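Got your viewer open? Load the model, colour the chain from one end to the other, and keep the selection box handy.

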Amino acid sequence: MARKALIYKAMREPKFKVRKYNRCKLCGRPRAYMRQFGVCRLCFRMLAHRGEIPGLRKASW
């Protein structure tokens, strides 16, 4: 879980638009962010395993 201060800092409008960065909507993680889903890879994997992402199935072979 990310620090609350950093999550709130990322939600503020930056002074310059190039300073904006993405964070996971669920846990606040700044790295491994998947832009298409708005979550990090860890939360994405958890949601996919639970079947909460429509149209996505976990592969097994």
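The tour goes from the whole chain to the core, then to the aromatic rings and a few loop residues.

**Before you click**

This is a predicted model, where local features need pLDDT of at least 70 and side-chain atom pairs count only at pLDDT 80 or more, while totals for chains, interfaces and linings use all residues. Residues are numbered from 1 along each chain as its sequence is written, and side-chain values use heavy atoms, with hydrogens and water left out.

**Stop 1: the whole chain**

Start with the cartoon view. You should find two helices and two strands, in the order α-β-β-α from the N terminus. Both kinds of element are DSSP runs numbered from the N terminus: H or I over at least four residues for helices, E over at least two for strands.

Now turn the C-alpha trace around. Along its principal axes it spans about 50 × 20 × 15 Å. The radius of gyration of the chain is 14 Å, against near 10 Å for a compact globule of 61 residues; that value is taken over C-alpha atoms, and the globule rule is 2.2 Å times the number of residues to the power 0.38.

Switch on the surface. The accessible area is about 5700 Å², and carbon and sulfur atoms hold 54% of it (Shrake-Rupley method, 1.4 Å probe; for residues, only the protein chains shown count as cover). Buried residues account for 25% of the 61 in the chain. Here buried means under 20% relative accessible area, exposed means over 50%, and partly exposed is in between, with a 1.4 Å probe and protein chains only.

How many of the contacts between residues at least 6 apart in sequence join residues at least 24 apart? The share is 6%, with contact meaning heavy atoms within 4.5 Å.

**Stop 2: the core**

Select Cys24, Cys27, Val39, Cys40, Cys43, Phe44, Leu47 and Ile53, and show their side chains: these eight residues are the largest nonpolar core. The term stands for a set of buried Ala, Val, Leu, Ile, Met, Phe, Trp, Tyr and Cys residues joined through side-chain atoms within 4.5 Å. Strand 2 (39-40) and helix 2 (41-50) are the elements that give two or more residues to this core, and helix 2 has the largest share, with three. In soluble globular proteins, nonpolar side chains tend to be buried together.

With those cysteines on screen, which of them are bonded as disulfides? A search of the whole structure finds zero, a disulfide being a pair of cysteine sulfur atoms within 2.5 Å. Cys24 is unbonded because its closest cysteine sulfur, in Cys27, is 3.7 Å away, too far for a bond. Try Cys43 next: the nearest cysteine sulfur belongs to Cys40, at 3.6 Å. Cys24 is buried at 5% relative accessibility, and Cys43 is buried too, at 8%.

**Stop 3: the ring pair**

Keep Phe44 and add Phe37. The structure holds one aromatic pair. Phe37 and Phe44 form it, tilted, with 4.7 Å centre to centre and 45° between the planes. For the cut-offs, rings of Phe, Tyr and Trp (its six-membered ring) pair if their centres lie within 6.5 Å; planes under 30 degrees apart count as stacked, over 60 as edge-to-face and the rest as tilted.

Phe44 is buried at 16%, whereas Phe37 is partly exposed at 35%. Phe37 sits in the loop between strand 1 and strand 2. Now bring Ile53 into view: leaving aside neighbours within four places in sequence, it is in contact with Phe37, Phe44, Leu47 and Ala48.

**Stop 4: the loop between helix 1 and strand 1**

Select Tyr21, in the loop between helix 1 (4-11) and strand 1 (33-34). Tyr21 is partly exposed at 35% and, neighbours within four places aside, is in contact with Leu6 and Ala10.

Move along to Pro30, in the loop between helix 1 and strand 1. Beyond four places in sequence, Pro30 is in contact with Asn22 and Arg23. Draw a distance from Pro30 to Leu6: 9.6 Å C-alpha to C-alpha, with their positions 24 residues apart in sequence.

Finish on Ala32, which lies in the loop between helix 1 and strand 1 and is partly exposed at 34%. Check its backbone: phi of Ala32 is near 55°, a positive value in a residue other than glycine. Most residues other than glycine have a negative phi.
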